[in-house]
Amino acid sequence: MHRWQRVADATGLTGPGGVVRPTVFAEMSALAVRTGAVNLGQGFPDVDGPEHVVEAAVAALRGGHNQYPPGGGIPELRAAVAAHQQRHYGLELDPATQVLVTTGATEALAAAVLALADPGDEVLTLEPFYDSYAAVIAMAGARHVTVPLVPGPDGFRVDLAALEAAVGPRTRMILLNSPHNPTGAVLTRAELDAVAALVREHDLLVVTDEVYEHLVFDDTRHVPVATLPGMAERTLTVSSAGKTLSFTGWKVGWLTGPAELVAAVRTVQQYLTYASGAPFQPAVAEALRDDDGTTAAWIRELAASLGTRRDLLCAGLVEAGFDVVVPRGTYFAVADGAGLGFDDGAELCRALPELAGVVGVPVSAFCLAGSPTADALRSRVRFTFVKREQVLAQGIAGLRRLASRERP
């Protein structure tokens, strides 16, 4: 089987006759454009990030930062990332050997899996999972094994018994995501300790996707896996400027960890994009250097605003008849349409533009096709609240129409 076919199969995009269908994200975004519906499906801000960071990028453009930057990232950004990790989490990193700048977090994750997982290895993820995970595991020729997140009164939680049972002799890596897309879960210290104990016992690697590290709400605290006992030497941490600074289109990400693992990832990454974001790297470096001042204040305000918008959206969804699991972080809330008479979230999402003038994304798009978790979450839909309050209010007004409609 060709590699592209493995990717299509792993992501559920293989249609009749082997034709590859568009992703559900592309389908829903196109549906929003075609119908004029409020797009609460795709998770990108509709307001730009800090003005002082924009001005730093403009200055870099005008200052001649328009050719290839160094393949591993400019020294200023690598140093700023290392300082950020030390300041926030107490992690000591050598910027020259333990930090790699990438084209967004997605490239960092892809390069890490391609570098460190061989054909026949097993890579564990939580399920549901960010959609690129299944694709890159398939590209590597590895086997994707999942551990369910289970909804409950305190959010989505890891099935720890299933986690322990999932680790076997072929397990090579756990690809972990917290704060978690699509559920908004932030893994607890107890959950992370359970993961770490298995990793140490079975001599595994961890690649941890922490792009929403600063976007957590209420009294929730994000704990990086690399800070746990015995984990720094076996953990690659991935993050980016896209979510923290609301510049998703800049595609400036980074990966940090042990020098030998970072070198392995860089060996692969240099043959993917090699380098990108020349004028954006100095701007992100300036933002990270200042994250105990102006930038930090902006990020705190963003997290507080997102918390308010989360509450607004969740209340509107409950009024509309959805059962909602309140997220503790990220841009997203997961809502169950079963109470509205919709057992299939994908069908509901296709109907929502006409019924409510809103677009969402079915949670089944973040699951392995036909898996028990996909079946358990079949009626769930992911909505984003990373939109202006007036946009959310418009969407909520449409969703309220669902509460008074005749059930199918």
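Student: Which strands make up the open sheet, and in what order do they sit?

Tutor: In this predicted model, the open sheet has 4 strands, running β10-β11-β14-β13 with antiparallel pairing. A strand here is a DSSP run of E of at least two residues, while a helix is a run of H or I of at least four, both numbered from the N terminus. Residues are numbered from 1 along each chain as its sequence is written, local features need pLDDT of at least 70, and side-chain atom pairs count only at pLDDT 80 or more. Totals for chains, interfaces and linings use all residues, and side-chain values use heavy atoms, with hydrogens and water left out.

Student: What makes β10 and β13 edge strands?

Tutor: Each of them, β10 (323-325) and β13 (361-362), pairs on one side only.

Student: And how do you know that β10 and β11 pair?

Tutor: Two strands count as paired if DSSP finds at least two bridges between them. β10 and β11 (residues 332-336) have 3 bridges, in the antiparallel sense, so they pass. As one detail, Val325 has Val334 of β11 as its bridge partner.

Student: Zooming out, how many helices and strands does the protein chain have?

Tutor: There are 15 helices and 14 strands.

Student: Why does the radius of gyration agree with a compact globule?

Tutor: The rule is 2.2 Å times the number of residues to the power 0.38, with the radius taken over C-alpha atoms. For 408 residues that lands near 22 Å, and the protein chain has 21 Å, so the two agree. The C-alpha atoms fill a box of roughly 60 × 50 × 45 Å along the principal axes.

Student: What share of the residues is buried?

Tutor: That's 57% of the 408. Buried means under 20% relative accessible area, exposed means over 50%, and partly exposed is in between (1.4 Å probe, protein chains only).

Student: So why is Asp9 called partly exposed?

Tutor: Asp9, which is found in helix α1 (residues 3-10), has 38% relative accessibility, and that is why it counts as partly exposed. Asp9 is also 129 residues from Ala138 in sequence, yet their C-alpha atoms are 8.7 Å apart in space.

Student: What makes an empty space a cavity rather than a pocket?

Tutor: On a 1 Å grid over the protein atoms alone, a cavity is a set of points where a 1.4 Å probe fits but cannot get out; a pocket is an open set with protein on both sides within 12 Å along at least five of seven lines. Lining residues have an atom within 4 Å of a point. Points are joined across faces, edges and corners, and a volume is the space filled by probe spheres set on them.

Student: How many cavities of 30 Å³ or more are there, then?

Tutor: There are 3, and the largest holds about 60 Å³. Of its 12 lining residues, the closest to the centre are His84, His214, Thr244, Leu288 and Ile299. Helices α11 (280-289) and α12 (294-320) each give two or more residues to that lining.

Student: How does the lining of the second largest pocket divide?

Tutor: Into 11 nonpolar, 9 polar and 5 charged. Ala, Val, Leu, Ile, Met, Phe, Trp, Tyr, Cys and Pro count as nonpolar, Asp, Glu, Lys and Arg as charged, and the others, Gly among them, as polar. This pocket holds about 550 Å³, and α5 gives the most to its lining, with 4 residues.
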